[in-house]
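Please walk through this model with the strands first, then the enclosed and open spaces, and then the charged contacts.

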Amino acid sequence: MGEFWPVADVLGYLGGSWRVERAVRDLASGAEGRFTGTTVFGPLEEPGSAHGLLHRESGTFVWQGTPRPAERTLRFLSGPSPATAVVRFSDGRPFHDLDLSTGRYVADHPCAADLYRGEFTVFGQDRWRTVWRVGGPAKDLVLTTDYTRLT
């Protein structure tokens, strides 16, 4: 299937630990930043929660030469088929759908007057990437994140 690697079971594929490297570019100012860290996709541990994975990302974000600790948590819930998931913020608000059946997916997330458009690309068993383009009156950003499975 060319450069994309189809995923039949999204939650099965994502489960485990990943090294994360993210480049952040502010297209309006030209400023650049970098995040390095890890993401762990582990089981949801809340009683009565839907089948899915808890995504915990932590590391260091360097912006204009200043390093800061950074973290975020998302919930990846099972979708209508094994190749799909429903992604929610840690507080349960909807973020986006995900369908990796072809190895590539584009998702939109409106946030106030800005639009987040994410492209998900799977390159193989141990490597995938997201590119989020954020545009609107408040933001003009490109965030490129590479994930490499930790063994």
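How many residues lie between β9 and β10 in the hairpin that they form? There are four, and Gly136, in the turn, has a positive phi of about 155°. The model is a predicted one, and the hairpin is a convenient place to enter it.

Strand β9 covers residues 127–135 and pairs with β10 in the antiparallel sense, over nine bridges. Within this pairing, Trp132 stands opposite Leu143 of β10. Strand β10, residues 140–149, is also joined to strand β1, residues 16–26. That pairing is antiparallel and has nine bridges. Here Arg22 is the residue that faces Thr145 in β10. Strand β10 therefore has β9 as one partner and β1 as another.

Next come the spaces. The structure holds one cavity of 30 Å³ or more, and the largest cavity contains about 90 Å³ of space. Its lining includes His55, Phe95, His96, Phe120 and Tyr147. Trp132, the residue opposite Leu143, is also among the lining residues of the cavity. At least two lining residues come from each of β4, β6 (94–99) and β9. By class, the cavity lining consists of seven nonpolar residues, three polar ones and one charged one. Arg72 is part of this lining.

The largest pocket has a volume of about 350 Å³, and 17 residues line it. Lying nearest its centre are Arg22, Val24, Glu57, Arg72 and Leu143. Strands β1, β3 (52–63), β4, β9 and β10 each give two or more residues to the pocket lining. The lining is made up of ten nonpolar, two polar and five charged residues. Arg72 appears in the lining of the largest cavity and also in that of the largest pocket.

The charged residues at the pocket centre lead on to the salt bridges. What links Arg22, Glu57 and Arg72? These residues are joined in a network of salt bridges. One contact in it is between the side chains of Arg72 and Glu57, at 3.4 Å from N to O. Because Arg72 lies in strand β4 and Glu57 in strand β3, this pair ties together parts that are 15 residues apart in sequence. The partners differ in exposure class: Glu57 is buried, at 5% relative accessibility, while Arg72 is partly exposed, with a relative accessible area of 32%.

The model has nine salt bridges in total. Another of them joins Arg149 to Asp126, with the closest N and O atoms 2.9 Å apart. Since Arg149 lies in strand β10 and Asp126 in the loop between β8 (114–124) and β9, the pair ties together parts that are 23 residues apart in sequence. Asp126 is partly exposed, with a relative accessible area of 33%. Arg133 forms a salt bridge with Asp140, where the closest N and O atoms are 2.8 Å apart. Arg133 is partly exposed, at a relative accessible area of 37%, and Asp140 is likewise partly exposed, at 27% relative accessibility.

A last stop is a loop residue. Where does Pro80 sit? Pro80 belongs to the loop between β4 (66–78) and β5 (84–89). Pro80 counts as exposed because its relative accessible area is 84%, over the 50% cut-off. Pro80 and Arg19 are 61 residues apart in sequence, and their C-alpha atoms are 28 Å apart in space.

Notes. Residues are numbered from 1 along each chain as its sequence is written. This is a predicted model: local features need pLDDT of at least 70, side-chain atom pairs count only at pLDDT 80 or more; totals for chains, interfaces and linings use all residues. Side-chain values use heavy atoms; hydrogens and water are left out. Two strands pair if DSSP finds at least two bridges between them. Buried means under 20% relative accessible area, exposed over 50%, partly exposed in between (1.4 Å probe, protein chains only). On a 1 Å grid over the protein atoms alone, a cavity is a set of points where a 1.4 Å probe fits but cannot get out, and a pocket is an open set with protein on both sides within 12 Å along at least five of seven lines; lining residues have an atom within 4 Å of a point. Grid points are joined across faces, edges and corners, and a volume is the space filled by probe spheres set on the points. Ala, Val, Leu, Ile, Met, Phe, Trp, Tyr, Cys and Pro count as nonpolar, Asp, Glu, Lys and Arg as charged, and the others, Gly among them, as polar. A salt bridge is a side-chain nitrogen of Lys or Arg within 4 Å of a carboxyl oxygen of Asp or Glu.
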